[in-house]
Amino acid sequence: MRSIQRVVTLAAAAAAVVVLGACSAPAQEPSTATDVPPVPTVAAAGPLTPTPGPGSTNAAEVFGPGCGSLPTGDDPGSLSSMSLAPVAAAVETNPQLTTLTALIGRANLTEALNAAPGVTLFAPTNDAFAKLPAEQLAALQADPARLAGLVQYHVSGTRQSAEELRAAGTSTELAGGTVRIGGTGEEMTVAGASGAPATVTCGNIPTGNATVFMIDSVLLPQA
């Protein structure tokens, strides 16, 4: 009788161990080859509000004759919309900067610009690129490395407002070299190493990680 009771007791203990082990094991969902991560949205690619600090601006500080032609309210390309996106994503929504957007993508700089902690972008408008000879623009598009250098000549690694740029007088660009800042009040110019100064058509535009200045000519580095 005692042998039977001992067998029953050991069997019950073993069953309890099995049950406890099953309860403590983490649940696993079956994996299939079709499982893919969700596609990130533009909002997930950068900050949802302009980063405060040196060089940051707000909509009340924007200036220039070209600002009035931007979309309004919360429409894509508006000041409100651009302020919520990292710089390359913000530029992409601006109807006056579609050529620049295409060249940024062709130069493979979209992700780098969106991830930058703080930059200043001198953004040539569509009309600015239209001033370049067609063969010169075509040659740039055919040479991604050279194109990347030109785009980076329009980007400073330091985020600065118009007031800060005027005080400095120059801006050092990611491609190397500097551009010269001129003008007073709401009249502001930016000059590359070669070529006439470009006029800022809309300045102090805030984006999630950059301050943008739309300009009416392409800045050219020293030949």
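Helices, in the sense used here, are DSSP runs of H or I with at least four residues, numbered from the N terminus. In this predicted model, asparagine 108 is found in the loop between H4 and helix H5 (110–115). The phi of asparagine 108 is near 60°, a positive value in a residue other than glycine. Most residues other than glycine have a negative phi. Asparagine 108 counts as exposed because its relative accessibility is 65%, and the cut-off for that class is over 50%.

A second asparagine shares the sign of phi but sits in another setting: asparagine 204 lies in strand S6 (residues 198–206), and its phi is near 65°, again a positive value in a residue other than glycine. With a relative accessibility of 7%, asparagine 204 counts as buried.

**Overall make-up**

The protein chain has nine helices and seven strands. Of its 223 residues, buried residues make up 39%. Among the contacts between residues at least 6 apart in sequence, 66% join residues at least 24 apart.

**The sheet**

Seven strands form an open sheet with mixed pairing, in the order S2-S1-S7-S6-S5-S4-S3. S2 and S3 stand at the edges, and each has a single partner strand, so one side of each is left without a neighbour in the sheet. Strands of a sheet pair through backbone hydrogen bonds, either parallel or antiparallel. The table sets out three of the pairings, each with its direction and one pair of facing residues.

| Strands | Bridges | Direction | Facing residues |
|---|---|---|---|
| S1 (residues 119–124) and S7 (residues 210–215) | six | parallel | valine 119 and alanine 210 |
| S3 (residues 170–172) and S4 | three | antiparallel | threonine 172 and threonine 178 |
| S4 and S5 (residues 189–191) | three | antiparallel | glycine 182 and threonine 189 |

Strand S4 takes part in two hairpins. S3 and S4 form a hairpin with five residues between them, and glycine 176 in that turn has a positive phi of about 100°. S4 and S5 form a hairpin with six residues between them, where glycine 183 in the turn has a positive phi of about 90°. Along S4 itself (residues 178–182) the side chains alternate, with Val179 and Ile181 pointing to one face and buried, while Thr178, Arg180 and Gly182 point to the other face and are not buried. Two residues of that second group also appear in the bridges described above, since threonine 178 is the bridge partner of threonine 172 and glycine 182 is the bridge partner of threonine 189.**Serine 156 in an edge strand**

Serine 156 is found in strand S2 (residues 155–156), which stands at an edge of the sheet. Is serine 156 buried or exposed? Serine 156 counts as buried because its relative accessibility is 2%, against a cut-off of under 20%. Its side chain is joined to the side chain of serine 171 by a polar contact of 3.5 Å. Leaving out residues up to four places away in sequence, serine 156 touches Val119, Thr120, Ser171, Thr172, Glu173 and Leu174. One of these, valine 119, stands opposite alanine 210 in S7.

**Glycine 66 and its distant neighbours**

Glycine 66 is found in the loop between helix H1 (2–24) and helix H2 (79–82). With a relative accessible area of 12%, glycine 66 is buried. Apart from neighbours within four places in sequence, glycine 66 is in contact with Gln96, Thr201 and Cys202. Glycine 66 and methionine 214 are 148 residues apart in sequence, yet their C-alpha atoms are 8.1 Å apart in space.

**The cavity**

Rolling a probe the size of a water molecule over the atoms shows where empty space is left. A search of the whole structure finds one cavity of 30 Å³ or more, and the volume of the largest cavity is about 30 Å³. Its lining consists of Leu100, Leu103, Pro124, Phe129, Leu150, Val151 and His154. The elements that give two or more residues to this lining are helix H4 (98–106) and helix H8 (144–152). By character, the lining residues divide into six nonpolar, one polar and no charged.

Conventions:
Residues numbered from 1 in each chain as written. Predicted model: local features only at pLDDT ≥ 70, side-chain atom pairs only at ≥ 80, totals over all residues. Heavy atoms only, no water. Buried < 20%, exposed > 50% of the residue type's maximum accessible area, 1.4 Å probe, protein only. Pairing = 2+ DSSP bridges. Polar contact = N/O pair within 3.5 Å; in protein donor to acceptor, adjacent residues only side chain to side chain. Contact = heavy atoms within 4.5 Å. 1 Å grid on protein atoms, 1.4 Å probe; cavity = no way out; pocket = protein on both sides within 12 Å on 5 of 7 lines; lining within 4 Å. Points joined across faces, edges and corners; volume = space filled by probe spheres on them. Nonpolar A, V, L, I, M, F, W, Y, C, P; charged D, E, K, R; others polar.
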